[in-house]
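Colleague: I have this model open on my screen and I'd like to know how the labels on it were earned. Can we go through a few of them?

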There are 2 protein chains.
Amino acid sequence: MSGAVIIVGLGPGDAAKVTPEVTAALAEATDVVGYIPYVARVAPREGLTLHPSDNRVELDRATHALEMAAAGARVVVVSSGDPGVFAMASAVFEALEARPDLAHVPITVLPGITAMLAAAAAAGAPLGHDFCAINLSDNLKPFDLVERRLRLAAQADFAMGFYNPRSKSRPHQFARVLQILREECEPGRLVIFARAVSTPEQAIRVVRLIDATEDMADMRTVVLIGNSATRRVGDYVYTPRSA
Amino acid sequence: MSGAVIIVGLGPGDAAKVTPEVTAALAEATDVVGYIPYVARVAPREGLTLHPSDNRVELDRATHALEMAAAGARVVVVSSGDPGVFAMASAVFEALEARPDLAHVPITVLPGITAMLAAAAAAGAPLGHDFCAINLSDNLKPFDLVERRLRLAAQADFAMGFYNPRSKSRPHQFARVLQILREECEPGRLVIFARAVSTPEQAIRVVRLIDATEDMADMRTVVLIGNSATRRVGDYVYTPRSA
């Protein structure tokens, strides 16, 4: 049996941001498992079975990957960005914890360029000093915890990256997030809305916190918040190394 | 004049983690600027001038890159990891701010696999939920600010990644960091010391906070701290998606 699960990050979208080790893992896979739009980024070929699945079935998908690997398959689990950042790696280990009979399956995680860092690069260097990453979705945690982390992160003067700022099922929470930030930060704090980073539809918009509105974010947007020292130089936004 | 500055991330060490766009940028460069050990990772070739420089001269190096680009050179500024995370991108924008006469130089930032995320992948998925990144060096900021961010991050129950935990010039601060964490977190909190990630010398050590000692980190170590829900499954460490 040479079965294995390799959990890989496809980066934010651009093929030129996929690492060679991820490309090699896909070339050797017998099966690819993941959310429909991410599996769609993998070229079909003979000997490779694609298993696209819907959103919100991450645990089922992870268990399926482990089971196929236990039966000898070389399964690549794909995430966009980095698989360890609000993506499939944690789901696979959760599934493993629930299934001690699959504990012998070798698991490897191959990192990728996460959306927050691709967005930062596209804008300049807004995460150039201490920063945090927060998933704004309350699908899996109470919104109270999101609010608590936001306030403490602002008080710590972290720059911030927000994943999943807004979705069809949660249209109004991002307005609440902006309100909390306005209570904790100065009105001129820089906010970056980075949509579809590294794809042909990439759009980077930089506004002051006082001018930010909830409709500036959608499901394809990563939002970056500067710290109190973050500023513009020319068309770029950066955070000094001393802040 | 076709001069430009391209600030790239070489990833944590392994060539298989360098993105194709970074490899392409290096292939087209006339000049490569950076800290000595990172420039040493770029293969010499005809038509390419390497400009290695010492640590702590980041601003001079950045200004030099902008000046060469203004004179028509295609300059690649190399960092390890991601250039936007405690690396050269902020230094270049700081240099640009100080030199309005160089404002016309086109600057591009190409992201890379940052050490924290490579370390997380090597350990499992310890940054699988909200997390923060803190540079523990007080070369450029007061240690009081480090301490304040540490306490607030612990209170927010972020997982954490620490860059520059310990150096020859700051041998004792990391002991103070561990003491602060012990005041804020439970004794069983998981701590990961990830040394020389993705190189042949890679070593991953997982201990409880109560067992962590300052000598477990050195200049080549990234330290990851789990959040209150981070746990082991088999040989892996992961943070559940709900925490």
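Modeller: Sure, we'll take the labels one at a time, and keep in mind that this is a predicted model.

Colleague: What makes Lys17(B) and Glu21(A) a salt bridge?

Modeller: The rule wants a side-chain nitrogen of Lys or Arg within 4 Å of a carboxyl oxygen of Asp or Glu. Here the closest N and O atoms are 3.1 Å apart, so the pair passes the 4 Å cut-off. The pair crosses between chains: Lys17(B) sits in the loop between strand 1 and helix 1 of chain B, and Glu21(A) is in helix 1 of chain A.

Colleague: Why is Lys17(B) called buried?

Modeller: Buried means under 20% relative accessible area. Lys17(B) comes out at 10%, so it counts as buried. Its partner Glu21(A) has 13%, so that one is buried too.

Colleague: And why are Asp101(A) and Arg99(A) called partly exposed?

Modeller: That label covers anything between the 20% and 50% cut-offs. Asp101(A) has 46% relative accessibility, so it lands in that range. Arg99(A), at 24%, does as well, so it gets the label too. These two also form a salt bridge, with the closest N and O atoms 2.8 Å apart.

Colleague: How do you know that Arg241(A) and Glu58(B) make a salt bridge?

Modeller: Their N to O distance is 3.7 Å, and the limit is 4 Å, so the pair counts. It runs from the segment after strand 13 of chain A to helix 3 of chain B. Both Arg241(A) and Glu58(B) are buried. Arg241(B) and Glu58(A) form a salt bridge as well, at 3.8 Å.

Colleague: How many salt bridges are there between chain B and chain A?

Modeller: The count between them is 14, and the structure holds 42 over all chains. On the side of chain B that touches chain A, helix 4 (residues 88-98) gives the most, with 7 residues. That side divides into 39 nonpolar, 13 polar and 15 charged residues.

Colleague: What makes strand 7 of chain A and strand 7 of chain B a pair?

Modeller: Pairing takes at least two bridges. These strands are joined by 3, so they qualify, and they run antiparallel. Phe131(A), for instance, stands opposite Ala133(B).

Colleague: How much area do chain B and chain A bury between them?

Modeller: About 5,500 Å², 60% of it on carbon and sulfur atoms. In contact terms, 67 residues of chain B meet 67 residues of chain A.

Technical notes. Residues numbered from 1 in each chain as written. Chains lettered and ligands numbered in written order. Predicted model: local features only at pLDDT ≥ 70, side-chain atom pairs only at ≥ 80, totals over all residues. Heavy atoms only, no water. Contact = heavy atoms within 4.5 Å. Buried area = accessible area lost by both parts, 1.4 Å probe. Helix = DSSP H or I, 4+ residues; strand = E, 2+ residues; numbered from the N terminus. Nonpolar A, V, L, I, M, F, W, Y, C, P; charged D, E, K, R; others polar. Buried < 20%, exposed > 50% of the residue type's maximum accessible area, 1.4 Å probe, protein only.
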